[in-house]
Every structure is written in structure tokens, then in C-alpha cells.
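I opened the notebook to record a set of lookups on this structure. Contacts come first, then whatever follows from them.

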Amino acid sequence: MTYFNFPHIEEDDNLKNLRNDVKSFLKTTFNSNNIKPQADAWMYSANPEFSKKLGEKGWLGMSFPKKYGGREKTMLERYVITEELLVAGAPVAAHWIADRQSGSQIIRYGTEEQKKEIIPKISSGECFFAIGMSEPDSGSDLASVKTFAKKTDDCWELTGRKIWSTGAHLSHYMIVLARTEKLDEKNRHSGLSQFLVNLKLPGVEINPIEDMTHQKHFNETVFNNIKLNKDALLGEEGMGWQQVVGELALERSGPERFLSHYILLDNFICEFRYKMSEMGITSLGKIISELQTLRMMSFSIAWMIQEKKSPDVQAAFVKEAGNVFEKKLIETIREMSNLIPFEKWSSSLKSLFQDATLRIPANSLRGGTSEIMRGIISKQLGLR
Amino acid sequence: MKDEAKIILDICNKILLKNVDHHLRLNLEPISTQFKTLKDEIISSELTKLLVKEDLGGAGMTLTDIIPIVQLSAQYGTPIPFIETIISNFLLSELNVKPENDFITLTNKTENIQIKKDKISGNFKSIPYLNLVEKILVETEIKNQKYIILFKKGGKLKLQKNFLSEPKFDLDASELEIISMMEKPEQIDVQNLLINVRSIQSFGAMEKILKLCIEYCSQRKQFGRTLSKFQMIQNHISEIALEVAASGASLSTLKNNNKNFYNLKSTAIPKIRTGIASGKVIALSHQVHGAMGFTKEYELSYFTKALNSWRNEFGNEIYWQNILGKLFLNQNKNLWEFLNH
């Protein structure tokens, strides 16, 4: 009767030692480079130099084959590193998408040439990616994308607009989901393909979009009939939907779905540790229980991916439960402050809290809205 | 799962599938044929001795091994002291006492205990299924020493006002015959063990509730279409599924190490998480079932009543949140160290 299994995976000594190594590295690197921890750092805090240092340590492209410059480590090792980077608020935004999902897509679907060309650069922290899924008229309804790639004798001609492309202005490539056949309303998921698009090509226009926090981390990316070589096709023509679903599982299941604002929680505890009311302590116990459960779920998914399983639905659980957790976290921190007025909090804590409060509405939108996650779960349960 | 554990789970499944239904739950009497048949099959298949050491005649399984069996029993809504007997026999076995060949029940809620010449007197609280057993195992403290005592039932049983799932009794005992009495080994924490059993049972019951919701909403039609096609209903059921999944994951550390059944942190995390989930699952499952779920005849209420009973035992999740919060604050660690330790 078990509907959704999250197998228990034990963190062994090798992983524990790896955690310690990452911690030591971060401490040293933050101090010597005057890096300040940030909340939601995987979206807002890009530092290409830091990404390169991670590459030098061998902590990017962890699971990729050695022959393409990867490290042939496990997804669990990658998971541990990812957690430690998030918890430290490290500036990981530049390489995040490339390391999390784009590289894996290329390994899985790319040609030998694509792998040789790009994977070593991802692993060294020198090649960044943006996501090319959403469009101005296609948000949650991804199958309705209008960006079109027309096949000619010698190339693909790509025309369309992608939106909410985080970090496109810093990125070298974008994996673009495009129609390669006209929309068939009876089979909306057919006729889609993925393309590996070099963002430096002529005809690519990247326009920043200022978000409600006055930051310009995401963009509109316009393709004005750009010419792509035949080998820009990623994977199989017409199989874009199937490919993108797998990519979304990588996007949704990671610890960034519940550790984006961990640094706020940690700073809050440091400041209020000895001033908490019984109610605050009680709320803290709830946070600990929920957070540890989410970690178990996400770690288990990392193992499932490692074992070549398809935890698409489990990923939707982590995404949705993580979003709910982080939204509650902000509210709970307000309750836990034991009637100490916000004005009396330290300036660094106030800053983190304000950033988190302003940024939190995006959590349940990026990577698929809550409504989409619940739709995926319903479908799996046979309700749709 | 080991092959042996799979075989045992299969045997258990067959027995419960054949014998447990809502009729049994609503007509639970020690003299009923249905109860006697179920009991005979469970006892004769030695399922109550799964945790008993092999040299005492048991299967020698571990606490982590029997998680799927506790879960399965709760999925079936098994209204008998099956799991209570497994745990009681386990405790006896840990004390090198032979297991019982009958159902027994247990409690650790005792007051005014006195022992005189192999006789026990005192007040025993919240004893599940006392009407279906002849012997009781208790953990109690006498002069700063904890004991585990098996004694014969007697005296007056007082049926507690409970959540109407499993019957629970208080017992005022006077000079009842002790069968075994041993000092409790320090490494065993009976209360945490019982709490963890309840967390596993809660997870199993919530899985069953999810199944009932899916089945009911896929069959019942309103406004010309099945309930499952309404987005609001899908939303409710997906939230139930999410809570069920999180509850299962929260039990993860118990699967790792038998000692975690006694560990405070490993106990608090699933106790809190399954407690939170239970509240949501009870409310949402009744909402999607409408009036049908509120009837005695339809089985949903058996499971939601069980959840309400279990989540309020040994302190509710709010109580345990406070314990877990203090456990962290009293250690000289930052939160990340605490979580990873």
C-alpha cells in the first residue's frame, strides 16, 4: 500500500569527512576573500571566482564521468557538498544551474562532442547555464511554449522568447525547450525538443528584469532567428518533453528547496538562544523536526537519482513541502523573537530577515508552482 | 528487506487480509468467533514472538526489522493487542524470560505501586485491550529503580473514555499474582520504544486513510463527475499524500539502528512529524469524504479515531516540540551540528 517510498540512506564516515572538509574550506575561503554569507545565495549571490575555486577542489561536476572532466563521485557526495554550501550561504549562484541540472542533461542526452566541449568547463567552475523553459505566455503550462526551432538543410533557426531566466546575463549557455513541430492539441507533449544554445551567439538578446527586491537576477532572453548548428540539438528531436521532466526532477528535489534561508535561522538562534520563551522553544522543536524530515527525503532522492531511478513525484513532494516549510519559517521566526521589537535586532539579522521576507514569495513559484506540484502528485495518485 | 522478513510480512499480510475487517472492529468481543480465529492464527504462526531471541523460541528479529509489520498491522486497522504482545514479548526476551503463548498488553503509566510477597497492588492507567488479555506487562518505578513486571489480570477494569478506537482501561489492582519481575536494563527506554511504535502505527494508518480517500473520490459522483476530478479535492488529497510521505521519511532514523528506538532525538522527530501530519490528515480526509466519513459504519472514522488517540499519547506533538527544542538548546552546539550528530 506504500504510495511513495523514501528509502532510508545512511550517511557514512566518508560523507561525514567530506562535510568537514567543505566546512574547513568555506571558513578559510570566506575569511581570505572577505565573502559575506547570504540567504537565498543560490539565486542571488554569484561569484565566478568562488565557483572556480570549488571546481579546483573537485566539488563541481561531482557525478560526471572522469573522461569528460568529471569526478565520478556519487550523488550523495554531491548532496553533502550542496548542503554545506547552502548552510554557509556561499556565493554559488553562478554555477548552480550548470552543476545541478544542465550538466546532467548533457551527460544523459548530449553527443560525444557536446560532452567533451562543455562538461570539463562545468566541472572546473568556468561554464554557467541558464534555464530556458518558461515563456511570457507559458509559465506553468510548459507544453504551450511557442519558441520555435525550424530545421533547415544545414542548421536550426531559433525564434522566440524565454523569461525568468535566472543568471542568463552571467551564463554561457541555455538549454532551450522549443517546438520543432506545430502544437498538436491532442498530444501537447509531442513535437518539443531541447537545444544547447550558446548565449554569446549573434541575435541573442538578454534583458534584465528587476524583481520586487530591486535585484536583477533574472531576465528575458530573446532569440531573433538565431542560427544553431545541427549539433545544437540536445537529445532526440521530438523528445523534449520527456527530457525536460527528468531535468525538473533534478531542479526540484535538492536541499535548496528548504535550506535557502537556513542562514537566517542560524543567525536568529545565535542572537536569541538565551532569550527564547517557552513558546519560542516549542516552535524551534517543530522546525527541527520538519527540517530533519525534509533532509531525509531529499537525501533519499539523491540516492534514487544515483541508482538511475526516476523520483519525479518524490521531487515534487520535496519542492512543495520545502516551500511550505520556508514560508512558515519566516513567520515562525517572528513568533520566536519573544516580543523583542524588530528595531532591537542586530542590523545583520534584520537585513537577513528583510531579504528573506521579500524573497519568500518566489519560493513556491520558481521550479514549478505549488499548484503544479500538487497536480503532479494527483496525477500519480490516479486522480487525473 | 531480508528474505526472511519478506516471508514473515507475507504471512502476516495473509492472516490480516483474511480476518480483519470493519465488522471485527465494531464487534470486538473475546468470545466472538472472528476474534478467536484471528488470535489463533496469529499465535500459532508465532508472529507474536518475532522479537524474541532464538534461544527462547523466537524469530530473533530486531526492532528495525519489524517496522513493516507494525506499519502493516496499522494499515489493516487490526483491533487486537497484536503489536502490544510483540513488544511485551520483546521486553521479556531482553530480560531472558520466556515469551507468552497468548496475547498480553502493556503500560508504563502506573501509580502507588506496592510489591508484597510476589503480589502487586496499585493503579494502572490507559491499558489498551485489557478486556482481551489475561496478563499485563508494566514498567514501573519502585524506590528509584525501574522494573518490568508481568502479572495476572484481576480486580476491576474501568473502561476509559477514549477516542473510541482501541479500548483502553484503568485498573485498580490489589495483590495480583506476579509471574515475572526483573530490573529494567538501563539501555532500554520503554516509553521511547512505545512512542516510536505509535509513530510507525500512525504512518500505517495514514497510508490507509490516503487509500480510502483515493478510492472514495474515484467512485462517488457529484455534479455529473467523480469527486476526484474536482481540483479542490485533488488539492486536499495531494496534501494528505504529502503528509503521509513526510511521516514515512521522519521514521527514517529508526530504520538505521535499533538503539534509535530509545534515543530521545530519534523519538521526538517522528513523534512530532507524525503528530502534525495526523492533525492535517484527519481534517482533510473527513472533508473529502463528506458525511459518509462521519458514520460509524464506514471505516474511515476507525482510523482517524486511532490517529487522534495515538497523537495524544505520551504528550502531544507540542509537548515534544518543547522537549526537542530544549534538547538542542541545552547542548553546546549550533543547529547544524545538532542535526548532523
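**Entry 1: a glycine in chain B.** I started with Gly204(B). Leaving aside neighbours within four places in sequence, I found Gly204(B) in contact with Gln71(B), Ala74(B) and Gln75(B). I note that the model is predicted. Gly204(B) sits in helix α6 of chain B. Is Gly204(B) buried or exposed? Its relative accessibility is 0%, so I count it as buried. I also checked its separation from Lys109(B). The two are 95 residues apart in sequence, and their C-alpha atoms are 25 Å apart in space.

**Entry 2: a strand residue in chain B.** Next I took Gln114(B), which belongs to strand β2 (residues 110-116) of chain B. With neighbours within four places in sequence left out, Gln114(B) is in contact with Lys119(B), Ile120(B) and Ser121(B). I then looked up Met181(B), 67 residues away from Gln114(B) along the chain. The C-alpha atoms of Gln114(B) and Met181(B) are separated by 13 Å.

**Entry 3: the interface.** I moved on to chain B against chain A. How many residues are in contact on either side? I got 47 residues of chain B and 44 residues of chain A. The size of an interface is often given as the accessible area lost when the parts come together. Here the two chains bury about 4300 Å² between them. Carbon and sulfur atoms carry 65% of that area. Which three residues of chain B supply more of its buried area than any other three? They are Leu242(B), Leu329(B) and Trp336(B), with 17% of the area that chain B buries against chain A.

I then counted polar links. There are 21 residue pairs in polar contact between chain B and chain A, with both residues at pLDDT 80 or more. Several helices of chain B each supply at least two residues to the side that touches chain A, among them α4 (67-75), α6 (190-219) and α9 (264-289). The largest share of that side comes from α7(B), with 12 residues. By residue class, the side of chain B that touches chain A divides into 19 nonpolar, 18 polar and 10 charged.

Salt bridges came next. The rule finds 2 across this interface. I looked up the one between Lys326(B) and Glu278(A), where the closest N and O atoms are 2.9 Å apart.

**Entry 4: salt bridges elsewhere.** Side chains of opposite charge can pair when their charged atoms come close. I searched the whole structure and got 40 salt bridges over all chains.

The side chains of Lys23(A) and Glu84(A) form one, at 3.9 Å from N to O. This pair links distant parts of the chain, with Lys23(A) in helix α1 (residues 13-33) and Glu84(A) in helix α4 (residues 75-88), 61 residues apart. How exposed is Lys23(A)? Its relative accessibility is 34%, so I list it as partly exposed. Glu84(A) has a relative accessible area of 3%, so I list it as buried.

Asp137(A) and Lys146(A) meet in another salt bridge, at 3.8 Å from N to O. Both of these residues are exposed.

In chain B, I picked Glu299(B) with Arg25(B), whose closest N and O atoms are 2.8 Å apart. Glu299(B) lies in the loop between α9 and α10 (300-311), and Arg25(B) lies in helix α2 (residues 22-26), so the salt bridge ties together parts 274 residues apart in sequence. Arg25(B) is buried, at 11% relative accessible area. I closed this entry with a network: shared salt-bridge partners join Glu11(A), Arg19(A), Lys23(A), Glu83(A), Glu84(A) and Arg295(A).

**Entry 5: two helices of chain A.** I tested helix lengths last. Helix α10 of chain A (residues 278-306) has 29 residues, which should span 42 Å at 1.5 Å a residue. Its end C-alpha atoms are 42 Å apart, which agrees. Of its 29 residues, 24 are buried, so α10(A) is largely enclosed by the rest of the structure. After α10(A) comes Lys308(A), with a positive phi near 65°.

Helix α7 of chain A (residues 240-252) has 13 residues and should span 18 Å. Its end C-alpha atoms are 18 Å apart, in agreement. α7(A) is mostly covered, with 11 of its 13 residues buried. The buried residues include Trp241(A), Val244(A), Leu248(A) and Arg252(A).

Methods:
Residues numbered from 1 in each chain as written. Chains lettered and ligands numbered in written order. Predicted model: local features only at pLDDT ≥ 70, side-chain atom pairs only at ≥ 80, totals over all residues. Heavy atoms only, no water. Contact = heavy atoms within 4.5 Å. Buried area = accessible area lost by both parts, 1.4 Å probe. Salt bridge = Lys/Arg side-chain N within 4 Å of Asp/Glu carboxyl O. Polar contact = N/O pair within 3.5 Å; in protein donor to acceptor, adjacent residues only side chain to side chain. Helix = DSSP H or I, 4+ residues; strand = E, 2+ residues; numbered from the N terminus. Nonpolar A, V, L, I, M, F, W, Y, C, P; charged D, E, K, R; others polar. Expected span 1.5 Å × (residues − 1). Buried < 20%, exposed > 50% of the residue type's maximum accessible area, 1.4 Å probe, protein only.
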